[in-house]
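User: Could you take a close look at the annotated binding site for me? I'd like the residues, where they sit and what they touch.

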Amino acid sequence: MPVGLLMVNLGSPDAPTPEATRRYLGQFLHDYRVVDTSRWIWCPILHGVILRIRPTRSAKAYASIWGEDGTEAPLVRITRSQVAGVQDRLGDAVRVETAMRYGNPSIDAGLEKLMAAGCTKIAVLPLYPQYAGATTASVYDGVAKALVGKWNVPELRFLRDYYREPAFIGSLANSLSDHFGTIDWTPDRILCSYHGLPQTYVDAGDPYQDECLETTDLLRAHTGYSETVLQSTFQSRFGPKAWLQPYTDKTLEALPEQGIKKVAVMMPGFSADCLETLEEIAIEAEETFLEAGGTHFTTVPCLNDRRDHINMLADIARNRLLNGWLDQGE
Ligand SMILES: C=CC1=C(C)c2cc3[nH]c(cc4nc(cc5[nH]c(cc1n2)c(C)c5CCC(=O)O)C(CCC(=O)O)=C4C)c(C)c3C=C
Ligand SMILES: [Fe+2]
Ligand SMILES: [Fe+2]
């Protein structure tokens, strides 16, 4: 019997339409790990305002980045490619499946496939380098929920984070130098832009901010870039509360005034390109920076299906999740 590996990312709408985006956002924004406000307060806001307005706006943004073939969102397509690469490296003893925390292919469907293939041991690899309650822990919840009511639950292992892996930091550094090989100018500043989180979540004990800042420290140590050149910022603010700072958009607006006119943005918290990297940064943030007086802007692609990234994911699956399981002749 093979052992199972479920690789999980956040998820996207099934299509870049307001209806599909409403379904996806409705599932996403009902997750307590994502929005912890009392449902007496949150549900009227969510159903009465957000799910009426945001799906149309978000669907337009999704349409601007949806692939040429139009079948799947970039995040889902890239995750499938990562899964195929990891499957290739791990061989037949491991059955690897793709899952999304929200939308499709769902965690329920991924686990069903693995169990139907006879996997009684399943490892879960959330594709988030840094832990956050809103992402990694939510995957734990999604897996637990999918097993409610099952008589025969598999043996389970989860990966919590992998930002400290030298091969992860090495892949980020390689992706940066590969990308710089494609442009004919040198950035004055490189932003490491991480998805934000409400400040209250971090105050309550979420270690996400520390793990992001440590990722940038490790990358500085690896590349030799100074604190002034390689800087951490936080993007994708949602709602009126304070989120982790400095904000990426505000930083980009302010940099040209300080004489910093050539900027590169990389996103070491995203394992695959998605709406937040391809639209918010590569389209919106570039526009913000150039309008504020910047002259050169470039977005470094996420690690996606780069060979060093896939090798790293296969290695951490083998060494930190599947260790011991593969030797048992299962
Ligand atoms: C990488 C880590 C992520 C964290 C941490 C995270 C927290 C978080 N996100 C929202 C709200 C939204 N995020 C949205 C998209 C989105 N978020 C992540 C990753 C993290 N989110 C990814 C990879 C994506 C892209 C999905 C895609 O289909 O490409 C969206 C939806 C898009 C939109 O309408 O703008 C929302 C909403 C909150 C509230 C939160 C922390 C509490
Ligand atoms: Fe609701
Ligand atoms: Fe998000």
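Analyst: Here's a walk through the binding site, followed by a quick look at the whole chain. Bear in mind that this is a predicted model, where local features need pLDDT of at least 70, side-chain atom pairs count only at pLDDT 80 or more, and totals for chains, interfaces and linings use all residues. Residues are numbered from 1 along each chain as its sequence is written, with chains lettered from A and ligands numbered from 1 in the order in which they are written.

An unreviewed UniProt entry puts "binding site" at His195 and Glu276. They span 82 residues in sequence, yet no two of their C-alpha atoms are more than 8.0 Å apart, so they gather at one spot. UniProt positions follow the numbering used here, feature names are shortened, and annotations may be inferred rather than shown by experiment.

His195 belongs to strand β5, residues 189–195, while Glu276 is part of helix α10, residues 275–291. Both labels come from DSSP runs numbered from the N terminus (helices: H or I, at least four residues; strands: E, at least two).

His195 counts as buried because it has 27 C-beta neighbours inside 10 Å; Glu276 is buried too, with 20 other C-beta atoms within 10 Å. Buried means 20 or more other C-beta atoms within 10 Å of the residue's own, exposed 12 or fewer, and partly exposed in between, with C-beta atoms placed from the backbone.

Now the contacts (C-beta atoms, placed from the backbone, within 7 Å). Setting aside residues up to four places away in sequence, His195 touches Gln235, Ser236, Gly269 and Glu276. Glu276, with neighbours within four places left out, contacts His195, Gln235, Ser236 and Phe270.

Zooming out, the protein has 11 helices and eight strands, and 44% of its 330 residues count as buried.

How values were computed
Two residues are in contact if their C-beta atoms, placed from the backbone, lie within 7 Å.
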